[in-house]
Amino acid sequence: MSSYEVAIWVFMLAAFLGFELIRRVSPLLHTPLMSLTNAISAIAVVGAILITGAKEASMLTRALGFTAVVLSTINVVSGYLITDRMLKMFKKRGAEKK
Amino acid sequence: MMQSIFPVLYLFAAASFILAIKWMSSPTTARRGVIIGEIGMLLAVVGTLLRAEVVSYQWILIAFFIGSAIGVPIAYYMPMTAVPQRTAFSHACGALAAALIGAAEYYRQMPHGVVMIALIVEMLLGFLTFTASMMAFGKLQETLPQRPITFRGQNVVNLGILILAIAIGIALIISPERTWLFPIFAVLSLAFGVLLIIPIGGADMPTVIALLNSYAGLSASAMGFAFDNKLLIVAGALDGSSGFILAVIMCRAMNRSFSNVMFGAFGTIQTSTKQTTERPIRSATAEEAAEILDSARKVVIIPGYGMAVAQAQHKLRELHDILTKRGIEVSFAIHPVAGRMPGHMNVLLAEADVPYDRLIEMDDINPEFARTDVALIIGANDVVNPAAREKDSPIAGMPILNAFEAQTVMVIKRGMSPGFAGIDNDLYYMDKTLMLFGDAKTFVSSIVKELNAVAAAS
């Protein structure tokens, strides 16, 4: 099996897994969910690092990679922090009066 | 040795992301989900920095620093009411990052075959999601008009641009050396993103934001194919399927298809000519409203986008508190498309310290309305419009909250203007309906004042 074939299998299985997991998320948490998956998809930072840190990088590719690292880092940092900030607000009855 | 550890770290990172989403299913485990997600991201970044291909660090570290310096203040100082805008903005950042990485990889390698196909998909989705998200951001921030902007032949023009972008993409896949085609490809993709959002109105934003979320994820997944990186594929696929499911849920909650949301330019057909006869309505003051609420046993509050605009959520919590204290059962009925993004109302009410077990989904609350004394509607319109049950209505078949089944219906509203769908709401003219005219926040706060006075007197 070529590596692309494996990749397509991985994609298909991950997508199905995603469908099953997300269907179970309560609509109560749809906003934090979106903000969390957003932070997760900032995994693009991996590609950005590989390009920015490469040995034989031209000015152009280095600049593009650098911008991409900045943008992904914004998403990683603010994504996780905001998700947590939102989730902290969800309290059950009785729990809020301390 | 250290350099070959990254596949293991990537594997753990992928598992962490899956667990993170699994734990999001319930509010009791959700925060754990965030922590495991952070760990996953940390493993992925550390693993990547250790790779043999990464030799120069200074620019990466500077970029980390700048990104954090922007991201941390956004996270801490952004008001919760700006969550939809922030979400659109982060879709834009993520998509642009993916597109730029694709462009860099293209200029670096000039790859052929499968890699080039993946890069073209990545960049097409990345560029169009970037401009589309910026447009969505502008509409949510109200720097751009929320009304749909349409022109003749719009769908033909849009489709033409998309087809042209794809055609040039295919030409680039066949011979990547034709670098002069690349900027044209980028510009067309960017332009398509703008045109895609122009005809979409404010109330369709929940679907559109979910869909853009999906595109941003798929773009990251395509990057995984280009870099032969399974972690990127998995994380992108999770994000892609998440956004897609949310978009499907939103469409279902409006009984509309994807294509209708994206190409229908809903809300442009104004029925201003149709409705001419003045129908009688009953209005009431805050004092009267407070009296009715005080004699109720079961009250259901239905918030909509108007509550978010008026920032009435904190006052509503006060109303919830005082009514609960007086032995009245209060719950909030949440329609899936209330607000500007999936779950919007829940976050605002949670911020105002309304306990989350009082926020009830549509399917669970609807059987309750027949036993409800007062349904209090705040800034919601189409989601309670009984016209949805008629065949020839523009919102026909849309699942609604059955507020009309309650003993008394109270509607806080600025005036009699129709809702987003541009149709009149029969609910307002029912005998049991009281219209409470005024700003949502001010009105709720006067009701609370009246109730406090009653409480003090008794």
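In which sense, left-handed or right-handed, do α2(A) and α9(B) cross? The legends below treat this crossing and other views of a predicted model.

**Figure 1. Helix α2 of chain A packs against helix α9 of chain B.** The crossing of these two helices, α2(A) and α9(B), is left-handed. Helix α2(A) comprises residues 30–41, and its axis comes within 9 Å of the axis of α9(B), at a crossing angle of roughly 155°. Because angles over 145 degrees count as roughly antiparallel, α2(A) is described as roughly antiparallel to α9(B). On the side of α2(A), the contact is made by H30(A), L33(A), M34(A), T37(A), I40(A) and S41(A). On the side of α9(B), the contributors are A235(B), G236(B), L238(B), D239(B), S242(B) and L246(B). Sorted by class, this contact of α2(A) with α9(B) has six nonpolar, five polar and one charged residues.

**Figure 2. Within chain B, helix α9 also packs against helix α1.** The axes of α1(B) and α9(B) are 9 Å apart, and the angle between them is about 10°. The two helices α1(B) and α9(B) are therefore roughly parallel to each other. Helix α1(B) brings Y10(B), A13(B), A14(B), F17(B) and I21(B) to the contact. These residues meet K230(B), L231(B), V234(B), A235(B) and L238(B) in α9(B). The residues of this contact of α1(B) with α9(B) comprise nine nonpolar, no polar and one charged. Two residues of α9(B) link this view with Figure 1: A235(B) and L238(B) belong to the contact with α1(B), and A235(B) and L238(B) also belong to the contact with α2(A).

**Figure 3. Chains A and B meet in a contact that takes residues from both.** Chain B gives 96 residues to this contact, and chain A gives 78 residues. Several elements of chain B each supply at least two residues of the side that touches chain A, among them α1 (6–23), α2 (30–49), α3 (58–77), α8 (205–227) and α9 (230–254). Helix α14 and strand β3 of chain B also supply at least two residues each. The largest share of this side of chain B, 17 residues, comes from α4(B). By class, the side of chain B that touches chain A has 57 nonpolar, 24 polar and 15 charged residues.

**Figure 4. Six strands of chain B form an open sheet with parallel pairing.** The order of the strands across the sheet is β3-β2-β1-β4-β5-β6. Strands β3 (359–361) and β6 (433–437) of chain B stand at the edges with a single partner strand each, so one side of each is left without a neighbour in the sheet. On average, neighbouring strands of this sheet are turned by 25° against each other, direction ignored. Strands of a sheet pair through backbone hydrogen bonds, either parallel or antiparallel. In chain B, strand β1 (residues 298–303) runs parallel to strand β2 (residues 329–334), and four bridges join the two. Residue I301(B) stands opposite F332(B) in β2(B). Helix α14 (residues 344–351) of chain B lies across β1, β2 and β3 of chain B and runs at about 145° to β2(B).

**Figure 5. Helices α11 and α16 of chain B pack against each other.** Helix α11 comprises residues 286–294 and helix α16 comprises residues 440–457. Their axes lie 8 Å apart, at an angle of about 60°. This angle makes α11(B) oblique to α16(B). The crossing of α11(B) past α16(B) is right-handed, whereas that of α2(A) and α9(B) is left-handed. Helix α11(B) contributes A286(B), E287(B), A289(B), A290(B), L293(B) and D294(B) to the contact. Helix α16(B) contributes F443(B), S446(B), I447(B), E450(B), L451(B) and V454(B). Eight nonpolar, one polar and three charged residues make up the contact of α11(B) with α16(B).

**Figure 6. Each chain has its own content of helices and strands.** Chain B contains 16 helices and six strands. The radius of gyration of chain B is 25 Å, close to the 23 Å that the globule rule gives for 458 residues, so chain B is as compact as a globular protein of that length. Along its principal axes, the C-alpha trace of chain B spans about 75 × 50 × 35 Å. Chain A contains four helices and zero strands, in the pattern α-α-α-α along the sequence. The radius of gyration of chain A is 19 Å, whereas a compact globule of 98 residues would have a value near 13 Å. Taken along the principal axes, the C-alpha atoms of chain A fill a box of roughly 60 × 35 × 15 Å.

Note on methods:
Residues are numbered from 1 along each chain as its sequence is written. Chains are lettered from A and ligands numbered from 1 in the order in which they are written. This is a predicted model: local features need pLDDT of at least 70, side-chain atom pairs count only at pLDDT 80 or more; totals for chains, interfaces and linings use all residues. Two strands pair if DSSP finds at least two bridges between them. Axes are lines fitted to C-alpha atoms, for helices over the stretch in contact, and angles run from 0 to 180 degrees between N-to-C directions. Two residues are in contact if their C-beta atoms, placed from the backbone, lie within 7 Å. Ala, Val, Leu, Ile, Met, Phe, Trp, Tyr, Cys and Pro count as nonpolar, Asp, Glu, Lys and Arg as charged, and the others, Gly among them, as polar. Angles under 35 degrees count as roughly parallel, over 145 as roughly antiparallel, 65 to 115 as roughly perpendicular and the rest as oblique. A crossing is left-handed if the near helix is turned anticlockwise from the far one by less than a right angle, and right-handed if clockwise. The radius of gyration is taken over C-alpha atoms; the globule rule is 2.2 Å times the number of residues to the power 0.38.
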